[in-house]
Amino acid sequence: MTTTIKEALQVRIEEVERRVVAACELSGRSREELNIIAVTKYVSLETAQAAHQLGLRHLGENRWQDAKEKWEAISGSAMGEDGGQAVWHFIGSLQTNKVKDVIGKFTYIHSLDRLSLAQAIDKRASQLGLTVPCFVQVNVSGEQSKHGLDPEQLPAFLEELKELSSLRIIGLMTMAPYETEAEETRPIFRSLRKLRDEMNERAILPESMTELSMGMSGDFEVAIEEGATWIRLGTILVGKEG
Ligand SMILES: *Cc1c(COP(=O)(O)O)cnc(C)c1O
């Protein structure tokens, strides 16, 4: 492990932390309400390992084929400071035939967007004796290229999920368009929060959804101001290689 990778990472981590704390203060939120997922999909195994060793506990990947090597190398190893182990988040669109690879390795699923996928996860989780915390992905921006449910479909979808006892629906996830100015993403994040609150008021699920997975490198401060509880940071936090 070259020290330069670690040194450069440490600088990034501190800079991001400083901005996260500032955004929390600005919006009167406590830093403890917010979790950072280090998205390692653009970086090498070496960089991902360094990130973990420097104390980034939550790691996110969006394709099992690309994540496999990192998962195998990192998952069993102890983390820097407190020796904790990595917690993996699956953030990309998940094919039903990959569910068997992912469930049991990735703790959280951020991309639940259809019933067939929910059923496959539920089946696999119950075989393994697990309950899987999931975010329902919603396409708030309405962009054609984005995955996720139409907001109008959400109540009926949640209703169907009630039957699946090995899933725990903890919140909603969305992606804002990449190219937009950070400030332009505000209505998208605000809508996701309103949607979550509305679903909770209607009490469709037995348990309220407490979480919001929103905000990436270009717009995380706005997402924090709008109530994100999980931000997913790749480029700005661990970098982009190759
Ligand atoms: C790649 C990715 C991210 C991280 O993107 P950056 O802009 O590099 O921070 C976050 N969420 C999802 C779903 C992604 O696919």
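The following exchange concerns pockets, helix packing and one backbone angle in a predicted model.

Me: Let us start with the pockets. How much space lies in the largest pocket?
Reply: The largest pocket holds about 630 Å³ of space.

Me: Which residues are the closest to its centre?
Reply: They are Lys41, Asn62, Met175, Tyr178 and Met216, out of 34 residues that line the largest pocket.

Me: And how does that lining divide into nonpolar, polar and charged residues?
Reply: The lining of the largest pocket has 13 nonpolar, 15 polar and 6 charged residues.

Me: What about the second largest pocket, how much space lies there?
Reply: About 270 Å³ of space lies in the second largest pocket. Its lining consists of 14 residues, and those closest to the centre are Arg31, Ile36, Gly55, Leu56 and Arg57.

Me: Which elements each supply at least two residues of that lining?
Reply: Helix α1 (3–26) and strand β1 (35–39) each do so for the second largest pocket. By class, the lining of this pocket comprises 6 nonpolar, 4 polar and 4 charged residues.

Me: Changing topic to helices: at what angle do α2 and α3 pack?
Reply: Helix α2 (residues 45–53) packs against helix α3 (residues 64–74) at about 40°, and their axes are 10 Å apart. Because of that angle, α2 is oblique to α3.

Me: Is the crossing of α2 and α3 left-handed or right-handed?
Reply: The crossing of these two helices, α2 and α3, is right-handed.

Me: Which residues make the contact?
Reply: On the α2 side they are Leu45, Ala48, Gln49 and His52, while α3 contributes Glu69, Lys70, Ala73 and Ile74. By class, the contact of α2 with α3 has 4 nonpolar, 2 polar and 2 charged residues.

Me: Now α6 and α7. What is the angle there, and how far apart are the axes?
Reply: Helix α6 (residues 154–161) and helix α7 (residues 186–202) pack at about 55°, with axes 11 Å apart. The angle therefore makes α6 oblique to α7.

Me: What is the hand of that crossing?
Reply: The crossing of α6 and α7 is right-handed.

Me: Which side chains should I display for this contact?
Reply: The contact is formed by Leu154, Pro155 and Leu158 from α6 together with Leu195, Met199 and Arg202 from α7. The residues of this α6 and α7 contact divide into 5 nonpolar, no polar and 1 charged.

Me: One last point, on the backbone. What is the phi of alanine 203?
Reply: Alanine 203 has a positive phi of about 50°, although this residue is not a glycine.

Me: Where is the place of alanine 203?
Reply: Alanine 203 is located in the loop between α7 and β7 (211–213).

Conventions. Residues are numbered from 1 along each chain as its sequence is written. This is a predicted model: local features need pLDDT of at least 70, side-chain atom pairs count only at pLDDT 80 or more; totals for chains, interfaces and linings use all residues. Side-chain values use heavy atoms; hydrogens and water are left out. On a 1 Å grid over the protein atoms alone, a cavity is a set of points where a 1.4 Å probe fits but cannot get out, and a pocket is an open set with protein on both sides within 12 Å along at least five of seven lines; lining residues have an atom within 4 Å of a point. Grid points are joined across faces, edges and corners, and a volume is the space filled by probe spheres set on the points. Ala, Val, Leu, Ile, Met, Phe, Trp, Tyr, Cys and Pro count as nonpolar, Asp, Glu, Lys and Arg as charged, and the others, Gly among them, as polar. Helices (H or I, at least four residues) and strands (E, at least two) are DSSP runs, numbered from the N terminus. Axes are lines fitted to C-alpha atoms, for helices over the stretch in contact, and angles run from 0 to 180 degrees between N-to-C directions. Angles under 35 degrees count as roughly parallel, over 145 as roughly antiparallel, 65 to 115 as roughly perpendicular and the rest as oblique. A crossing is left-handed if the near helix is turned anticlockwise from the far one by less than a right angle, and right-handed if clockwise. Contact means heavy atoms within 4.5 Å.
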